[in-house]
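User: I am new to reading protein structures and would like a close look at a single part of this one. Please choose one residue, describe its setting carefully, and then work outwards to the rest of the chain.

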Amino acid sequence: MNIINKALSEYGVKEIVGSKDNQRIIKYFTDLGFDGAKLKDETAWCSAFANWVAKTCGYEYSGKLTARSWLSVGESIINPRVGSIVVLWRESPQSWKGHVGFFIKQTKGYVYVLGGNQRNMVCIKAYPKNRVLDYKKLRKQWKNS
């Protein structure tokens, strides 16, 4: 399955408010080697989702739970295609905080991103283009990790 179809197949996966956790979100963490039960579905999970999608599709991935860890993965590109990685800053461009997801489309002022932990679910959301740190093209992995 290609990366965007895999990500879209998770569309609508949503956090459960309160003490219960959505086991699908826990699986994103667990499949990457993290203790999902300890992390809970309230843990910021945009990077876990992007990692899970990339890994299960056989692409390189950051293996880290921080969105900006994706800045060191793949090849920086100027013209993203559907399924390219989008890394955005949060709070300020200098902050360690960020957001990561998959490129869907862009308009003059916005980039549309399919990602996890957007409105506490997997969905498509528009972000101002001035928040984009980088677009990344992922390479296919030839070996399982």
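Analyst: A good place to begin is Ile85, which is buried, with a relative accessible area of 0%; buried means under 20% relative accessible area, exposed over 50%, and partly exposed in between, using a 1.4 Å probe and protein chains only. What you are looking at is a predicted model, in which local features need pLDDT of at least 70 and side-chain atom pairs count only at pLDDT 80 or more, while totals for chains, interfaces and linings use all residues. Residues are numbered from 1 along each chain as its sequence is written, and side-chain values use heavy atoms, with hydrogens and water left out.

Ile85 belongs to strand 2, which covers residues 85-89; helices (H or I, at least four residues) and strands (E, at least two) are DSSP runs, numbered from the N terminus. If neighbours within four places in sequence are set aside, Ile85 is in contact with Trp70, Val100, Gly101, Phe102, Asp134, Tyr135, Lys136 and Leu138, where contact means heavy atoms within 4.5 Å. By comparison, Ala126 is 41 residues away from Ile85 in sequence, and their C-alpha atoms are 14 Å apart in space.

Two of those contacts, Asp134 and Lys136, also have a link of their own, for their side chains meet in a salt bridge, 3.7 Å from N to O. A salt bridge here is a side-chain nitrogen of Lys or Arg within 4 Å of a carboxyl oxygen of Asp or Glu. Both partners, Asp134 and Lys136, are buried.

The structure holds six salt bridges, and two others are worth following. Asp21 pairs with Lys40, with 3.5 Å between the closest N and O atoms; because Asp21 lies in the loop between helix 1 and helix 2, and Lys40 in the loop between helix 3 (36-39) and helix 4, the pair ties together parts that are 19 residues apart in sequence. Asp21 counts as buried at 14% relative accessibility, whereas Lys40 is partly exposed at 36%.

Arg139 in turn forms a salt bridge with Glu60, the closest N and O atoms being 3.3 Å apart. Arg139 sits in the segment after strand 6 (132-137) and Glu60 in the loop between helix 4 and strand 1 (75-77), so this pair ties together parts that are 79 residues apart in sequence. Here Arg139 is partly exposed, with a relative accessibility of 45%, while Glu60 is buried at 13%.

Helix 4 deserves attention as well, since nine of its 11 residues (the helix runs from 46 to 56) are buried, which means that it is largely enclosed by the rest of the structure. Those buried residues are Cys46, Ser47, Ala48, Phe49, Ala50, Asn51, Trp52, Val53 and Ala54, and what covers them includes helix 1 (3-8), helix 2 (23-30), strand 3 (98-106), strand 4 (110-118) and strand 5 (121-128). Just after helix 4, Gly58 takes a positive phi of about 85°.

Backbone angles of this kind also turn up in residues that are not glycine. Most residues other than glycine have a negative phi, and most peptide bonds are trans. Glu91, in the loop between strand 2 and strand 3, nevertheless has a positive phi of about 75°, and Glu91 is exposed at 57% relative accessible area. Arg119, in the loop between strand 4 and strand 5, has a positive phi near 55° and counts as exposed at 52%.

Finally, consider the protein as a whole. The secondary structure comes to four helices and six strands, which follow the pattern α-α-α-α-β-β-β-β-β-β along the sequence. The radius of gyration is 14 Å, close to the 15 Å that the globule rule gives for 145 residues, so the protein is as compact as a globular protein of that length; this radius is taken over C-alpha atoms, and the rule is 2.2 Å times the number of residues to the power 0.38. Along its principal axes the C-alpha trace spans about 40 × 35 × 30 Å. Buried residues, of which Ile85 is one, make up 47% of the 145 residues. Among contacts between residues at least 6 apart in sequence, 51% join residues at least 24 apart.
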